[in-house]
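Visitor: Hey, got a minute to walk me through this one? I'd like the overall picture before we get into details.

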Amino acid sequence: ELIVERTHAGLAAARARGRKGGRPRKMTPSKIRMAMAAMADPNANAQLVAEELGITTTTLYDYVNGDGSPKMVAQAVLTTSTEEA
């Protein structure tokens with residue numbers, strides 16, 4: 001219990017200093033916007049779009065639908081970036 005308590009206290013202290021932890025996201029807000037614009041084109045090839053962005057097609061489809069609309073994960077990243085700006 002003591003270890004758990006100290007771990008939680010350390011994580012809380014880090015959050016208070018502005019540290020979030022975890023692996024950084026592969027998709028930045030600008031990459032998401034580019035992917036949305038590219039995928040909105042009906043002639044877009046998802047594999048080529050992903051290649052241009054330096055990501056896999058799986059990651060592309062994790063963030064953007066085939067019609068270019070953002071998924072919930074992308075919305076969260078875009079919303080967070082506008083709040084920080």
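Guide: Sure. A helix here means a DSSP run of H or I of at least four residues, and a strand a run of E of at least two, numbered from the N terminus. Keep in mind that this is a predicted model.

Visitor: Okay, so how many helices and strands are there?
Guide: The protein has 5 helices and 0 strands. Read from the N terminus, that gives α-α-α-α-α.

Visitor: And what does the C-alpha trace span along its principal axes?
Guide: About 60 × 25 × 20 Å. The radius of gyration is 17 Å, whereas a compact globule of 85 residues would be near 12 Å.

Visitor: What percentage of the residues count as buried?
Guide: 22% of the 85 residues. The accessible surface is about 6,400 Å², and carbon and sulfur atoms account for 54% of that.

Visitor: Let's talk about the core. Which residues have the most contacts inside the largest nonpolar core?
Guide: Ile32, Leu60 and Tyr63, in a core of 15 residues. At least two core residues come from each of helix H2 (29-40), helix H3 (46-53), helix H4 (57-63) and helix H5 (72-84). H3 gives the most, with 4 residues. As a general point, nonpolar side chains in soluble globular proteins tend to be buried together.

Visitor: What's isoleucine 32 in contact with, leaving aside its neighbours within four places in sequence?
Guide: Met27, Tyr63, Val64, Ala74, Val77 and Leu78.

Visitor: Which residues of H2 are buried?
Guide: Ile32 is one of them, and Ala35 and Met39 are the others. Looking down the axis of H2, the buried residues fall within an arc of 65°, so they line one face of the helix. H2 has 12 residues and runs 17 Å between its first and last C-alpha, close to the expected 16 Å.

Visitor: How about H3, which residues are buried there?
Guide: In H3 the buried ones are Ala46, Val49, Ala50 and Leu53. Their arc around the axis is only 95°, which puts them on the same side of H3. The spacing makes sense: an α-helix has 3.6 residues a turn, so residues three or four places apart point the same way.

Visitor: What do those buried residues pack against?
Guide: The buried residues of H3 pack against H2 and H4. Gln47, Glu51 and Glu52, on the other side of H3, are exposed.

Visitor: Switching to the start of the chain. Is glutamate 1 buried or exposed?
Guide: Glutamate 1 has a relative accessible area of 87%, and the cut-off for exposed is over 50%, so this residue counts as exposed. Glutamate 1 sits in the segment before H1. From its C-alpha to that of alanine 76 is 34 Å, with the two positions 75 residues apart in sequence numbering.

Visitor: And H1 itself, what should its 15 residues span?
Guide: 21 Å at 1.5 Å a residue, and the end C-alpha atoms of H1 are 21 Å apart, which agrees. Glycine 18 follows H1 and has a positive phi, near 95°.

Visitor: Last one: where does lysine 26 lie?
Guide: In the loop between helix H1 (2-16) and H2. Leaving aside neighbours within four places in sequence, lysine 26 is in contact with Lys31, Gly54 and Ile55. The C-alpha atoms of lysine 26 and asparagine 45 are 20 Å apart, and the two residues are 19 apart along the chain.

Technical notes
Residues are numbered from 1 along each chain as its sequence is written. This is a predicted model: local features need pLDDT of at least 70, side-chain atom pairs count only at pLDDT 80 or more; totals for chains, interfaces and linings use all residues. Side-chain values use heavy atoms; hydrogens and water are left out. A nonpolar core is a set of buried Ala, Val, Leu, Ile, Met, Phe, Trp, Tyr and Cys residues joined through side-chain atoms within 4.5 Å. Buried means under 20% relative accessible area, exposed over 50%, partly exposed in between (1.4 Å probe, protein chains only). Contact means heavy atoms within 4.5 Å. The expected span of a helix is 1.5 Å times one less than its number of residues. The arc is that of the directions from the helix axis to the C-beta atoms. The radius of gyration is taken over C-alpha atoms; the globule rule is 2.2 Å times the number of residues to the power 0.38. Accessible areas come from the Shrake-Rupley method with a 1.4 Å probe; for residues, only the protein chains shown count as cover.
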